[in-house]
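Reader: I would like to learn how a sheet and its surroundings are read from a structure. Could you take me through a case step by step?

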Amino acid sequence: MPATTTTTTLRVPTPDGHADALAAFPQDGGDHPAVLMYPDAFGLRPVLEEMARELAGHGYYVLVPNFYYRHGPAPVFELPAHITTENRSEVIGRLMPLLKESVAPELVLRDADAYLAFLAEQPGAAPGPVAVTGYCIGALLALRTAAAHPDRVAAIAGFHPAAVVNDEPDSPHVVIPRLAAQVHFGIAESDVTPEIVETLYASLDAAGARDTCEIYPGTEHGFTMSDTDVFSPSGMERHWQRLLALLGRTLAKG
């Protein structure tokens, strides 16, 4: 039975200021394994709070940062209550300039250092290894975080990762062989081409992690987000099954 949880808002000190963040954790007063959860491109909002509470109910301390914090607290502008096929392009168009700046690799790594240091000091967050999970562009942030902290990150999960393979020298997939963490990627069926699959599997092979990459049948990009038209209940259920299994294997509970 899921535990009763508490959520609170926090300010995480970083080299560039303070990132607003949400924390969710069980109310039992104990210490619980920590999970750093990166939002999708639409950022920190009520659906991410729901997901953080769901995960916390299974016995984890979950921190969800606003990676747009350099542009202001979440939401950086008013989002539609539901992101539809019709309004999605407009919302993405407004976010894109902020997104390109916020996910620059050097900024991601500075922020990751700050988030992990902050987690290490939080009452209720157990010492020791952590997990990192992310959605859409957040999966890329999770990947970079895990690759930069192999001694700290025991598990990484990414769902409908955005552009995990591209033609740039700093394409996110090039860091996969550096991972020490156990991995699960849940990929939307509509997101991949045979070329991307081949490249991604080759990188996962180099990390000894190929069997942890799965294409979720019948899903579109963003399938975990219930405030969008692309939400897939079956994809979301599979996501929870895979994520909880991964965390259960890698993060010891007291």
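Author: What follows goes from the sheet to its helices and then to a single residue, and the model we are reading is a predicted one.

Reader: In what order do the strands of the open sheet stand?

Author: One reads a sheet by going from each strand to its partner, and here the 8 strands of an open sheet follow the order E1-E2-E4-E3-E5-E6-E7-E8, with mixed pairing. Strand E1 (5–14) and E8 stand at the edges with a single partner strand each, so one side of each has no neighbour in the sheet. From one strand to the next, the twist averages 20°.

Reader: How many bridges join E1 to strand E2?

Author: There are 10 bridges between E1 and E2 (residues 17–26), and these two strands run antiparallel; within this pairing, threonine 9 is found opposite leucine 22 of E2.

Reader: Which strands does helix H5 touch, and which strands does H6 lie across?

Author: Helix H5 (residues 194–206) packs on the sheet through contacts with strand E7 (182–188) and E8, and its direction makes about 150° with that of E8. H6, in turn, lies across E3 (34–38), E5 (130–135), E6 (153–159), E7 and E8, and runs at about 175° to E6.

Reader: Is phenylalanine 231 buried or exposed, and where does it lie?

Author: Phenylalanine 231 lies in the loop between strand E8 (213–216) and helix H6 (233–250). Its relative accessible area is 28%, and because buried means under 20% and exposed over 50%, phenylalanine 231 counts as partly exposed. Leaving aside residues up to four places away in sequence, phenylalanine 231 touches Phe223, Thr224, Met225, Ser226 and Met236.

Terms used:
Residues are numbered from 1 along each chain as its sequence is written. This is a predicted model: local features need pLDDT of at least 70, side-chain atom pairs count only at pLDDT 80 or more; totals for chains, interfaces and linings use all residues. Side-chain values use heavy atoms; hydrogens and water are left out. Helices (H or I, at least four residues) and strands (E, at least two) are DSSP runs, numbered from the N terminus. Buried means under 20% relative accessible area, exposed over 50%, partly exposed in between (1.4 Å probe, protein chains only). Contact means heavy atoms within 4.5 Å. Two strands pair if DSSP finds at least two bridges between them. Axes are lines fitted to C-alpha atoms, for helices over the stretch in contact, and angles run from 0 to 180 degrees between N-to-C directions.
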